[in-house]
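Okay, thanks for coming, everyone. I'll put the model up and then we'll walk through it together.

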Amino acid sequence: MDIQEENKIIKDFTSQEYKEGFVTDVEQVFVPKGLNEDIIRTISRLKEEPQWLLDFRLDAFRRWQKMPMPTWGHLDMPEIDFQDIIYYAAPKKDKDRPKEIDPELEKTFEKLGIPIREREALAGVVAVDAVFDSVSVATTFRKTLAEKGIIFCPFSEAVREHGDLVRKYLASVVPVGDNFYAALNSAVFSDGSFCYIPKGVKCPMDLSSYFRINASGTGQFERTLIVAEEGSSLSYMEGCTAPMRDENQLHAAVVEIVVEKDADVRYSTVQNWYPGDAMGRGGILNLVTKRGICKGEGAHLSWTQVETGSAITWKYPSTILKGDYSSSEFYSVAVTNNYQQADTGTKMIHIGRGTRSRIVSKGISAGHSQNSYRGLVKMLPGATGARNFSQCDSLLIGSDCGAHTFPDIQSANPDAVVEHEATTSKISEDQLFYCNQRGIDPEDAVGLIVNGYAKEVLSRLPMEFAVEAQKLLQVSLEGSVG
Amino acid sequence: MKEYRRIYVVDSPESLPEDHIVLGAGEKASVTFLVFPGVSVDIPVAVDFTGEGAEVSLRGIYVCKGGEKVNIRTDVRHNVPGCVSDQLVNGIAAGDAHVTFNGKIVVAHGAQKTQAYQSNHNVVLSASAKVDTKPQLEIYADDVKCSHGATVGSLNEDEQFYMRSRGIPEAEAKVLQMISFLAPVLDDIEDASRKEELSAKVEEAIRSIL
């Protein structure tokens, strides 16, 4: 791609607002509004689930009812009426073509740039699981993957066909009662992806899940479970979008990752839920629990996230470093503009000897937004020789936004070393002047500087994602200067 | 114009009253506290800037060797533009001491040209000692320079090896390391004889925990 072409793409992007904000007109099946045991039974029945899973859901629901909504986040959270949400919405199956994908849905994903037909993608081959509201509509390359013994399928299907595996690992990393939203998810979760990499297998292509909220008045509660057996490796990507609406919509997901001895998992997210309009109306409430466990010796888990969307983000992808000499990384770019609020970070729990973790968080706030990093690094008495390094940088654009850092370091081992540093800065006038003077207009200059600032994280993303993320940064900051 | 200079030497078991410093335009304050072994104490220090161009410097040392519980809390509020705050708290936890540091910097909306710095460095000497640190930044203005850093770790073995290879006994090497770790905190004390006296007291405390 030459420079001119690249500039054209950036121009195209900066001149438009949230382009994924359209609604797909398909006939959908809903369960009635509200949340009670009958609704949970209905969801479980619609998904043809075994009894154990229904019991699991009901147990989670009973616990959730006793839990208070967490208020410790640095967030101005709107009142959520949990009885005013539709917990299950699925596009109707066409009776004449039960096996085929509704052309409307195909068009939707086509428009979003998600290939739900198998084809060569830009940077190679990517297998996709596309989730539309509460159900998975397509999963590609399953045959190719199955030849290697890899299971990659919608969660509901995994429950039916690999029940033992699901039962063994479900809630083993994020227990049912872990927190308010995880309990809610455990009670009402709809679809998501299940991924199992057998011993010693290197996954031949990137796997990816794409989540789309479409129906109004609904919430999305996806559940993803990834298991990487000894010596296996996997790169996993996750993306998401939603239509533009004046109401807030709830998205409460749970992601669990089990990494066995010497296995390597890379989990990348580009989160682009609808952020609300310039006045702060509407947008997705993104309240997510993501956690992985490095179970065996030498296991490695890496989180990379680019957070540009959502009215509210409450998300802390975490790693439990249980296996000796296991390691984990967390690379994050969180951008907030207008009235968006983000409270995001990570938890690194060091249990095993010689475990290592690294945290690099880059927050960018503009407009009237609030952007917080919140992180926990915990060294348990057994974590001899463990090491952590955290770096949290904040960039402020404009005088009405906020950037906050809330790290928590707990060390109970004399041989563990923890280092944390944080800085706050703004885009300096010198930098802007330098760009302007060379004919780059202020908005592009900000994009350029921000991309440079976030480079350390963006360079960790798989190629295709990195291109998308760079464009997203630019769009998200549109109108934040001048 | 007022100028505060306070030094708290905490060597007997008592709690400090909450120190709340309000600084008007151009005022300067310096607070140094030293917590010696055998004392469990809460140290709350709050600073409010109400006038432009004020400066505050907070310095703290702790040395714990038994079952002490030391809770240090700083709360620095930059309510107006153009003020400078600088915090440095270093300490050593041995025995089964439990030390917490809750440091907070708040830069209010409109408090431009603020400079706020905070460092907290901790050495954990024994398997049953614990250190929890929470250095927090809340910033609502863009034209500011703010940073914080926190570390928890042990004494550097390479440094010890260097000294031992030059004939300094291991215990003495550790003492030297700890002195050099804590000494910068005392730099704020202007009165030379007072500084000398406190440095000697710190050295004595360090020797007592080995």
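So, to start: how many residues of chain A are in contact with chain B? It's 29 residues of chain A, and they meet 29 residues of chain B. Keep in mind that this is a predicted model.

Where does the chain A side come from? Three strands each put in at least two residues: E21 (387-397), E22 (402-411) and E23 (417-426) of chain A. E22(A) gives the most, with 10 residues. As for the chemistry, that side of chain A splits into 13 nonpolar, 11 polar and 5 charged residues.

Now have a look at E23(A), because there's strand pairing across the chains here. E23(A) is joined by 7 bridges to strand E11 (residues 145-153) of chain B, and the two run antiparallel. If you want a pair to zoom in on, A:Ala422 sits opposite B:His148 in E11(B).

Follow the pairing back into chain A and you get to E21(A). There are 10 bridges between E21(A) and E23(A), and these two run parallel. One pair to click on there is A:Gln391, whose bridge partner in E23(A) is A:Glu421. E21(A) also pairs with strand E19 (residues 356-366) of chain A, through 11 bridges, and again that's parallel. In that pairing, A:Ala366 is partnered with A:Ile397 of E21(A).

Is E21(A) buried or exposed? With 8 of its 11 residues buried, E21(A) is largely enclosed by the rest of the structure.

Let's zoom out to chain A as a whole. We've got 11 helices and 23 strands. The radius of gyration is 22 Å, close to the 23 Å from the globule rule for 482 residues, so chain A is as compact as a globular protein of that length. The C-alpha trace spans about 65 × 60 × 45 Å along its principal axes. Some 54% of the 482 residues count as buried. And if you take the contacts in chain A with a separation of 6 or more, 83% of them link residues 24 or more positions apart.

Last thing, confidence. Chain A has a mean pLDDT of 87, with 92% of its residues at 70 or more. Which elements sit at the two ends of the range? Helix H1 (residues 3-14) of chain A has the lowest mean pLDDT, 49, and strand E16 (residues 318-321) of chain A has the highest, 97. Over residues 9-16 of chain A, pLDDT stays under 50, and the model has 12 contacts beyond four places in sequence for that stretch.

That's it from me, happy to go back to any of the views.

Conventions:
Residues numbered from 1 in each chain as written. Chains lettered and ligands numbered in written order. Predicted model: local features only at pLDDT ≥ 70, side-chain atom pairs only at ≥ 80, totals over all residues. pLDDT = per-residue confidence, 0-100. Helix = DSSP H or I, 4+ residues; strand = E, 2+ residues; numbered from the N terminus. Contact = placed C-beta atoms within 7 Å. Nonpolar A, V, L, I, M, F, W, Y, C, P; charged D, E, K, R; others polar. Pairing = 2+ DSSP bridges. Buried ≥ 20, exposed ≤ 12 C-beta atoms within 10 Å, placed from the backbone. Rg over C-alpha atoms; globule rule 2.2 N^0.38 Å.
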